[in-house]
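Biologist: I am new to this structure and would be grateful for a close look at a single part of it. Please take me through it step by step.

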Amino acid sequence: MSINERSALSGLISSNLGYPRIGGNREWKKALERFWNGTIDESELHVEMKRLRLEHLRKQQDKGIDLIPVGDFSYYDHMLDTSVMFGLVPERFNYHPAGPVPLSVYFGIARGQKGATASEMTKWLNTNYHYIVPELANVAPVFTENKPLQAYREAKQELGIEGKPVLIGPYSFIALSKGYDRKELAAIVRSFLPLYTRVLSELAAEGVQWVQIDEPVLTTSFPAEDLDIIQEAYETLTQAAPGLNIMLQTYFGSLEHYKRLSTLPVQGLGLDFVHDHGENLQHVLQYGFPTGKTLGAGVIDGRNIWRSDLKAVAALLNQLAEQTSAPQLIVQPSCSLLHVPVSLEAEQTLDTELMHALAFADEKLEELAGLTAALGERNPSALAQLEQSTEAVARFNSSSARVQTAADMAALLTREPQSRSVPFAQRHVIQQEKLKLPPLPTTTIGSFPQTAEVRKARLQYRKGEWSTEQYRTFIQQQIKEWIDIQEDIGIDVLVHGEFERTDMVEFFGEKLKGFAFTQNGWVQSYGSRCVKPPIIYGDVSFDQPMTVEETAFAQSLTSRPVKGMLTGPVTILNWSFERNDIPRSQVALQLALALRAEVEALEQAGIGMIQVDEPAIREGLPLKKEQQQAYLDWAVQAFLVTTATVKPATQIHTHMCYAEFQHMIQSISDMDADVISIETSRSHGELIVSFEDQVYDKGIGLGVYDIHSPRIPDVTEMLSMIQRALRVLPSDLFWVNPDCGLKTRTKEESIAALRQMVQAAQAARDALAVSN
């Protein structure tokens, strides 16, 4: 269809699902950290947060978005907001809500406080955003405050915006919580419905027109028996607020059980037409769309940073309009824009051709508004913008930057080793003889505190204010200091500390071919932690050694083994904004071959332990069970390709964290790493249960303390974690380590916690010696 023809989209309106809360210059992050370190007080924090909220709303208003979300802004995490709104404060915090939960308790749940560990943090579905997992054990839901109503009132009173309140739906909220038996899910959902009905009733009484209820779990392979409680829940909510329009919003994939769920008694259904593998469109074509229901069409990619081909999007919207009898079609992103950077405005160094192919959150809002104007209003300048976007995308995709130089990856791999030459059982004996490590060897995951001094030095070097030699001398001083500290503490396997690295993905991307980097392309990962993902725009290949100099220097300072530290191919892929013109599996294998060259360079430099971190391997797992094994197969293959050529005596480590690994233990074993370290303390050791039913026959370290909390656990607590693990794992394969790297902790916190950890490991060794 020509975009100049009349379309069926005269009633098209635009909507957004959520806006990045961090601010264009990470003002949100900076305000939180000033509050946490005592630089500002609570009233000053509230003032700054309100300023940011209104700025974000005003920007969407100015861009011409018709339905603007309110209530998506958070002081930490939207799931945590829902928890405290419903009074879910874990027992260990000794606080029983009778009204709004104070910030001290709110942040305590997220970060821990004296005498109470933080709640578990895990990945939000298959993204790199982390949410605070609600705990339902031994707490009864109580209504504390109506946060969506407060957000709606503020937007209307301050800016005249008729906002669209956003809240997490009851099914997804409970399904993503912990502390209950799965058989109790329906009863627990019912127990929360009175609280949800109160929220919606008060919104309806206030005059709210649309409310967005997010149910992302509906795009996963959830049990079919849950359909009845989902139906019951939405019948209850609709009856409680009959004058309110509910947009049941899904994202990150296609709607599971489309025929049944599309008929739920709600006024609108939001579907993702970008990351659904074409399945949502197929469902609409095959089964139709319910008469009288509004379709929220997620047609602008909310998870990646590439500019849309708006002519292709327009054709899709017209196809949807022709297939539905919806009174109104809403054009929107595929998900919240929380997952992309704020704006291209600050980017001054990107290649012009690449720059024209990108769209961050603000530019995606412009795409939404442009589509609405072009297709709904038939605005001539907006119609021209559709043509321009298509030309820009086509021009970049045909450029030399995107031409694939490793087109026949399958043929290439037939000539390359894809597994270690000796099985683990034999390698283990060889490595033990070489390394002569004690029982329950201690190590850390890789990074040490990135102090203000370290960050300043790195900035001075990047600006050219320091020479290469000045910077090298500084980094070597930091390495030496921490090698000495580790030896003094008594750690068995050391690391160099990664002081030269800004970020575990960005560092490698800067040294490999095929990557580009932004100046201000930050996104929130967890809490105030923001990351700046690199852009994979072309073919990836090795250029020159990346980590050898620092690692070899560290090894020269000690007789103890020092681990080489690399980020694995799947994590680099998942934590980058990857190219979208070839399969992800092919990009992962390009990365694997490039990283293999670095592994070989480390080994040639005399490094006998190399850690290839894959903390993000789980987050890339497709939400649909039938798609998961194919992903795991190529992810495992990428790791094997990376490490296949090292000698049997070279010990390969890997690390994973903050995700659910219970259902992929076999794939983790198939990666054939000699030692894996996995987070367990934040989840209070629950992963350990998995090893009661599944044998793991390689080296493993289950993290004994949570590094994302400033709280330092005592020796008894860490010893208890070690002993619990040793009930199901063999002691000759068990390692003792923190959950993750120590980059975000202070020097004092790190040293104190590591001393406790080494003491706990020694106590466990002593107990083993007595029992043997």
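Which residues does R596 touch, not counting residues up to four places away in sequence? Please continue from there to the packing of helix α18 and to the cysteines.

Modeller: The model shown here is a predicted one. Not counting residues up to four places away in sequence, R596 touches E416, P417, V641, T642, A644 and T645. R596 itself is found in helix α22, which covers residues 584-604. Its relative accessibility is 4%, so R596 counts as buried. A further distance helps to place R596: its C-alpha atom is separated by 9.9 Å from that of G568, and the two residues are 28 apart along the chain.

We may now turn to the helices. Two packed helices are described by the angle between their axes and the distance between the axes. Helix α18, residues 468-489, packs against helix α20, residues 548-556, at an angle of about 40°, and their axes are 10 Å apart. The two helices are therefore oblique to each other. The crossing of α18 and α20 is right-handed. On the α18 side, the residues that meet α20 are R472, I475, Q476, I479 and I483, and their counterparts in α20 are E549, E550, F553 and A554. By character, the residues of this contact comprise five nonpolar, one polar and three charged.

Helix α18 also packs with helix α17, residues 452-462; the axes of α17 and α18 come within 10 Å and cross at roughly 160°. With that angle, α17 and α18 are therefore roughly antiparallel to each other. The crossing of α17 with α18 is left-handed, whereas that of α18 with α20 is right-handed. From α17, the residues E453, V454, A457, R458 and Y461 meet T468, Y471, F474 and Q478 of α18. The residues of the contact between α17 and α18 divide into five nonpolar, two polar and two charged.

The cysteines remain to be described. A disulfide is a covalent bond between the sulfur atoms of two cysteines. The structure holds zero disulfides. For C335, the closest cysteine sulfur is that of C530, and no bond forms between them because the sulfur atoms are 17 Å apart, too far for one. C335 has 1% relative accessibility and therefore counts as buried. For C530, the closest cysteine sulfur lies in C740, 16 Å away, which is likewise too far for a bond. C530 is also buried, with a relative accessible area of 5%.

Definitions and conventions:
Residues are numbered from 1 along each chain as its sequence is written. This is a predicted model: local features need pLDDT of at least 70, side-chain atom pairs count only at pLDDT 80 or more; totals for chains, interfaces and linings use all residues. Side-chain values use heavy atoms; hydrogens and water are left out. Axes are lines fitted to C-alpha atoms, for helices over the stretch in contact, and angles run from 0 to 180 degrees between N-to-C directions. Helices (H or I, at least four residues) and strands (E, at least two) are DSSP runs, numbered from the N terminus. Angles under 35 degrees count as roughly parallel, over 145 as roughly antiparallel, 65 to 115 as roughly perpendicular and the rest as oblique. A crossing is left-handed if the near helix is turned anticlockwise from the far one by less than a right angle, and right-handed if clockwise. Contact means heavy atoms within 4.5 Å. Ala, Val, Leu, Ile, Met, Phe, Trp, Tyr, Cys and Pro count as nonpolar, Asp, Glu, Lys and Arg as charged, and the others, Gly among them, as polar. A disulfide is a pair of cysteine sulfur atoms within 2.5 Å. Buried means under 20% relative accessible area, exposed over 50%, partly exposed in between (1.4 Å probe, protein chains only).
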